[in-house]
Amino acid sequence: IGRLPELFKWGGLVLKNNSSFLCAATPLLKPWENFVPFQPDGSDFEAVVERLIREDDKAQAIAEQGFLDFQQYMQYNNLLILILLRISIVAILSID
């Protein structure tokens, strides 16, 4: 599923550039709710970090939400994997 969910897994604050790159975890991303966006060229990175330092409570809340959203995302993915495995087992057992 890529590196991004791994970052959320540890519960730290995730800063990610606002690129158009898509990955399996893209639906998980909610700017300023569970990660902190910055411009792809990094031009606003310093200002974003300064804001996070000033608004430490907000930064902590974003990190916590990212962790919670990751947990929910993984539960959903694990459920899908379980369903696919069961379908596969039924298909294999149905072969004569």
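# Close-up views of a predicted model

**Figure 1. Overall surface and fold of the chain.** The accessible surface of the protein chain comes to about 6,900 Å². Carbon and sulfur atoms account for 61% of that surface. The model is predicted. Three helices and two strands make up its secondary structure. Along the sequence they follow the pattern α-β-β-α-α. Of the 96 residues in the chain, 24% are buried. Contacts between residues at least 6 apart in sequence were also sorted by separation: 49% of them join residues at least 24 apart.

**Figure 2. Confidence along the chain.** The mean pLDDT of the protein chain is 85. A score of at least 70 is reached by 90% of the residues. Confidence is highest in helix α2 (residues 45-54), at a mean of 97. It is lowest in α1, at a mean of 80. Where pLDDT is low, the predicted coordinates should not be read in detail.

**Figure 3. The largest nonpolar core.** Eight residues form this core. They are L4, F8, V14, L28, L29, F35, F70 and Y73. Two elements, α1 (3-9) and α3, each give two or more residues to the core. A second core is separate from this one and has six residues. Among them are V36, V48, L52 and A59.

**Figure 4. Salt bridge between D69 and K30.** The structure holds two salt bridges. One of them pairs D69 with K30. The closest N and O atoms are 3.4 Å apart. D69 lies in helix α3, whereas K30 lies in the loop between β1 (15-17) and β2 (36-38), so the pair ties together parts that are 39 residues apart in sequence. The two partners differ in burial: D69 is buried, with a relative accessible area of 7%, while K30 is partly exposed, at 34%.

**Figure 5. Salt bridge between E55 and R51.** Here E55 pairs with R51. Their closest N and O atoms are 3.5 Å apart. E55 is partly exposed, with a relative accessible area of 30%. R51 is also partly exposed, with a value of 29%.

**Figure 6. W32 and its backbone.** W32 is not a glycine, yet its phi is positive, at about 65 degrees. Most residues other than glycine have a negative phi. W32 sits in the loop between β1 and β2. K30 of the D69 salt bridge belongs to that loop as well. With a relative accessible area of 25%, W32 is partly exposed.

**Figure 7. A nonpolar patch on the surface.** The patch is formed by Y76, L79, L80, L82, I83, L84 and I87. Together these residues have about 670 Å² of accessible area. One of them, L84, lies in helix α3 (residues 56-94). L84 has a relative accessible area of 54%, so L84 counts as exposed, the cut-off being over 50%. Helix α3 also holds D69 of the salt bridge with K30, and α3 gives two or more residues to the largest nonpolar core.

Technical notes. Residues are numbered from 1 along each chain as its sequence is written. This is a predicted model: local features need pLDDT of at least 70, side-chain atom pairs count only at pLDDT 80 or more; totals for chains, interfaces and linings use all residues. Side-chain values use heavy atoms; hydrogens and water are left out. Patches are made of residues with over 30% relative accessible area and no salt bridge: like charges are joined within 9 Å, nonpolar side chains (Val, Leu, Ile, Met, Phe, Trp, Tyr) within 5 Å. Accessible areas come from the Shrake-Rupley method with a 1.4 Å probe; for residues, only the protein chains shown count as cover. A salt bridge is a side-chain nitrogen of Lys or Arg within 4 Å of a carboxyl oxygen of Asp or Glu. Helices (H or I, at least four residues) and strands (E, at least two) are DSSP runs, numbered from the N terminus. Buried means under 20% relative accessible area, exposed over 50%, partly exposed in between (1.4 Å probe, protein chains only). A nonpolar core is a set of buried Ala, Val, Leu, Ile, Met, Phe, Trp, Tyr and Cys residues joined through side-chain atoms within 4.5 Å. pLDDT is the predictor's confidence in each residue, from 0 to 100. Contact means heavy atoms within 4.5 Å.
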